[in-house]
Amino acid sequence: MLQIRGLLLTIIAACIGGTFQYGLNLTIINAPTIFIQKFLNETWIERYGRPLENNVITLLWTIIVTAFSVGGLLGAVIAGPMAITFGRRNSLLLSNVFVLVGALLMGLSKMAKSFEMILIGRFFSGINSGVGLNINPMYLGESAPKKIRGTVALSFAPFTAAGFVVGQTLGLGHITTLSMYFVLQEFPVKKSSTSLLEQDAVSF
């Protein structure tokens, strides 16, 4: 029982720090597309005093999205040497440094008024995903008992799917926030109309 519990904890810890990050970072960029494109244009106007053309905004946005894949390619290339040099577990732990740096850069980009920080942050997040996709199954397969090695090695797949779902759900926060805003804006109007009707009824 204790061995099974330890194995489950190993799977959860390895997958959250590994393939879950891939699914999350791959999908979370979809929802805020309009907001980031607006940020690109506002930053450019503040720097150079003129707006960007639509095709240039699309190009910059494409580069930001593609930076994740380029980082993933680099992460896949260095995953093998990392696994040999630092070991499977330590490599997974070290790869989280990349995603933390990426999150920090993207989180501070608006404050720094630099869309380049989003691009670099996506690149670092991609490195983490590239390393995780390669080393995560390897680590799980080597940690599992022989009888269930195949099942454990493939247990990273549900966590990848969970990352997709969480990424899309976090993106829906923008839609939810806007919907609540309009509901709250309309509520006082409806309440005022009801009050006026009640006053008219009393006066009659």
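Here, a residue counts as buried under 20% relative accessible area, as exposed over 50%, and as partly exposed in between. Keep that scale in mind for this predicted model: Phe 164, at 29% relative accessibility, counts as partly exposed. The notes below go through how helix H6 packs against H4 and H2, then some aromatic pairs, then a few single residues.

**Helix H6 and its partners**

- Two packed helices are described by the angle between their axes and the distance between the axes.
- Take H4 (residues 54-86) and H6 (residues 116-143) to begin with: their axes are 6 Å apart, and the packing angle is about 40 degrees.
- That makes H4 and H6 oblique to each other, and their crossing is right-handed.
- Sorted by class, the H4–H6 contact has 19 nonpolar, eight polar and one charged residues.
- H6 also meets helix H2 (residues 19-27), where the axes come within 8 Å and cross at roughly 140 degrees.
- The H2–H6 crossing is left-handed.
- On the H2 side, Thr 19, Gln 21, Tyr 22 and Asn 25 make the contact; on the H6 side, the residues include Arg 122, Ser 125, Asn 128 and Gly 132.
- The class count for H2 with H6 comes to two nonpolar, eight polar and one charged residues.

**How covered is H2?**

- H2 is mostly covered, with seven of its nine residues buried.
- Among the buried ones are Phe 20, Gly 23 and Leu 24, along with Thr 19, Gln 21 and Asn 25, which also turn up in the contact with H6.
- Tyr 22 of H2 has a relative accessible area of 22%, so this residue is partly exposed.

**Aromatic pairs**

- A pair of aromatic rings is described by the distance of the centres and the angle of the planes.
- Searching the whole structure turns up five aromatic pairs.
- One of them is Tyr 22 with Phe 164, an edge-to-face pair at 6.1 Å centre to centre and 65 degrees between the planes.
- This pair links distant parts of the chain, since Tyr 22 sits in H2 and Phe 164 in helix H8 (residues 156-203), 142 residues apart.
- Phe 68 joins in too: ring pairs link Tyr 22, Phe 68 and Phe 164 into a cluster.
- As for Phe 98 and Phe 124, their ring centres are 6.4 Å apart and their planes are at 20 degrees, so this pair is stacked.
- Phe 98 belongs to helix H5 and Phe 124 to H6, so their pair ties together parts that are 26 residues apart in sequence.
- Both of these rings belong to partly exposed residues: Phe 98 has 22% relative accessibility and Phe 124 has 24%.

**Single residues to look at**

- Ser 95 is in helix H5 (residues 88-112), and at 0% relative accessibility Ser 95 counts as buried.
- Beyond its neighbours within four places in sequence, Ser 95 is in contact with Gly 17, Asn 128 and Val 131.
- Ile 16 is part of helix H1 (residues 2-16) and is partly exposed, with a relative accessible area of 40%.
- Setting aside neighbours within four places in sequence, Ile 16 is in contact with Gln 21 and Phe 159.
- The C-alpha atoms of Ile 16 and Ala 162 are separated by 9.6 Å, though the two are 146 residues apart along the chain.
- Lys 113 is in the loop between H5 and H6, and its phi is near 55 degrees, a positive value in a residue other than glycine.
- With a relative accessible area of 43%, Lys 113 is partly exposed.

Definitions and conventions
Residues numbered from 1 in each chain as written. Predicted model: local features only at pLDDT ≥ 70, side-chain atom pairs only at ≥ 80, totals over all residues. Heavy atoms only, no water. Axes fitted to C-alpha atoms, helices over the stretch in contact; angles between N-to-C directions. Helix = DSSP H or I, 4+ residues; strand = E, 2+ residues; numbered from the N terminus. Parallel < 35°, antiparallel > 145°, perpendicular 65-115°, else oblique. Left-handed = near helix turned anticlockwise from the far one by under 90°. Nonpolar A, V, L, I, M, F, W, Y, C, P; charged D, E, K, R; others polar. Contact = heavy atoms within 4.5 Å. Buried < 20%, exposed > 50% of the residue type's maximum accessible area, 1.4 Å probe, protein only. Phe/Tyr/Trp six-rings, centres within 6.5 Å; stacked < 30°, edge-to-face > 60°.
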